[in-house]
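Got your viewer open and a selection box ready? Let's take a walk through this one together, stop by stop.

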Amino acid sequence: MGRKGRSVRNNKNVYTEPDEVVNAPHSFVIHKGLPGGSTLELTKDFRKVMEPFTASSLKERKKNTIKDFVAVAGVLHVSHLSIFSRTELGMYLKITRLPRGPTLTFKIHNFTLARDVVSSLRKQMVVEEAFKHSPLVILNSFSGEGLQMKMIASMFQNMFPIIH
């Protein structure tokens, strides 16, 4: 353990988060690559799904690199980085466990944005209370042979907090 400096010792307004919040897996969701398409909207939709343990209003700039996000991840208790990227060949999703990996890469063949789902409903209503709790991931019939399937299942399980 390191020694605490005078300014830290004298600071009476130190805000400490509960252990449940600190130990929960946190995430950054960013986009990279070619502009255009629906990459930005898909990124915002995925951030909404990952709430409450994600940086919902993360401001990213073109000059930011992935190394910048990895550098601040430890301080903010971020354990996963999801990157949507667009190239000439298609759209991809990379999910990385921080700080050392592994990294999973998925090619996105097709998707539907949240606004398209809401517009197709007869009664167009979004319940904002649903996003105040972390999503429930059920991997009941998510099985297969090989190390890859076990790693994918493990990565998806570890992206979300455990239910108590």
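The tour goes from the overall fold to the sheet, then the helices on it, the cores and the salt bridges.

**Stop 1: the whole chain**

Start with a cartoon view, and keep in mind that this is a predicted model. You should be able to count 6 helices and 4 strands in the protein chain. Trace the chain along its sequence and the pattern reads α-α-β-α-α-β-β-β-α-α. If you colour by burial, 26% of the 164 residues come up as buried. Among contacts with a separation of 6 or more, 61% are between residues 24 or more positions apart.

**Stop 2: the sheet**

Now show just the strands. In what order do the 4 strands line up? The order is E1-E2-E3-E4, in an open sheet with mixed pairing. Select 26-33 to find E1, which is an edge strand, as is E4: each of them pairs on one side only. Look along the sheet for the twist, which averages 20° from one strand to the next.

Next, zoom in on residues 78-86, which make up strand E2. E2 pairs with E3 in the antiparallel sense, over 7 bridges. For a concrete example, pick Ser85 and look across to its bridge partner in E3, Tyr92.

**Stop 3: helices on the sheet**

Bring back H3 and H6. H3 lies across E1, E2, E3 and E4, and runs at about 175° to E1. H6 lies across E2, E3 and E4, this time at about 95° to E4.

**Stop 4: the cores**

Switch on side chains for Leu42, Met50, Phe84, Leu93, Ile95, Ile108 and Met159. These touch the most other members of the largest nonpolar core, which has 14 residues. Which elements give two or more residues to this core? They are helix H3 (39-50), strand E3 (91-97), strand E4 (103-108) and helix H6 (147-158). E3 gives the most, with 3 residues. As a general rule, nonpolar side chains tend to be buried together in soluble globular proteins.

Click on Met159 and list its contacts. Skipping neighbours within four places in sequence, you get Pro25, Met50, His80, Ser82 and Ile95. There's also a second, separate core to visit: it has 9 residues, including Phe69, Ala73, Ile83 and Leu98.

**Stop 5: the salt bridges**

The count here is 2 salt bridges. For one of them, select Glu41 and Arg115, whose closest N and O atoms are 2.5 Å apart. Glu41 sits in helix H3 and Arg115 in helix H5 (residues 114-120), so this pair links distant parts of the chain, 74 residues apart. Is Glu41 buried, partly exposed or exposed? Its relative accessibility is 32%, so Glu41 counts as partly exposed.

Then move on to Glu60 and Arg47, whose side chains meet in a salt bridge at 2.9 Å, N to O. Glu60 is in the loop between H3 and helix H4 (66-73) while Arg47 is in helix H3, so the pair ties together parts that are 13 residues apart in sequence. Both Glu60 and Arg47 are buried.

**Last stop: around Glu60**

Stay on Glu60 and turn on polar contacts. Its side chain is joined to that of His31 by a polar contact of 3.0 Å. Widen the selection to everything Glu60 touches, leaving out residues up to four places away in sequence, and you pick up Val29, Ile30, His31, Thr43, Arg47 and Phe69. Phe69 should look familiar, since you met it in the second core.

Methods. Residues are numbered from 1 along each chain as its sequence is written. This is a predicted model: local features need pLDDT of at least 70, side-chain atom pairs count only at pLDDT 80 or more; totals for chains, interfaces and linings use all residues. Side-chain values use heavy atoms; hydrogens and water are left out. A nonpolar core is a set of buried Ala, Val, Leu, Ile, Met, Phe, Trp, Tyr and Cys residues joined through side-chain atoms within 4.5 Å. Buried means under 20% relative accessible area, exposed over 50%, partly exposed in between (1.4 Å probe, protein chains only). Contact means heavy atoms within 4.5 Å. A salt bridge is a side-chain nitrogen of Lys or Arg within 4 Å of a carboxyl oxygen of Asp or Glu. A polar contact is a pair of N or O atoms within 3.5 Å; within protein, one must be able to donate a hydrogen and the other to accept it, and residues adjacent in sequence count only if both atoms are side-chain atoms. Two strands pair if DSSP finds at least two bridges between them. Axes are lines fitted to C-alpha atoms, for helices over the stretch in contact, and angles run from 0 to 180 degrees between N-to-C directions.
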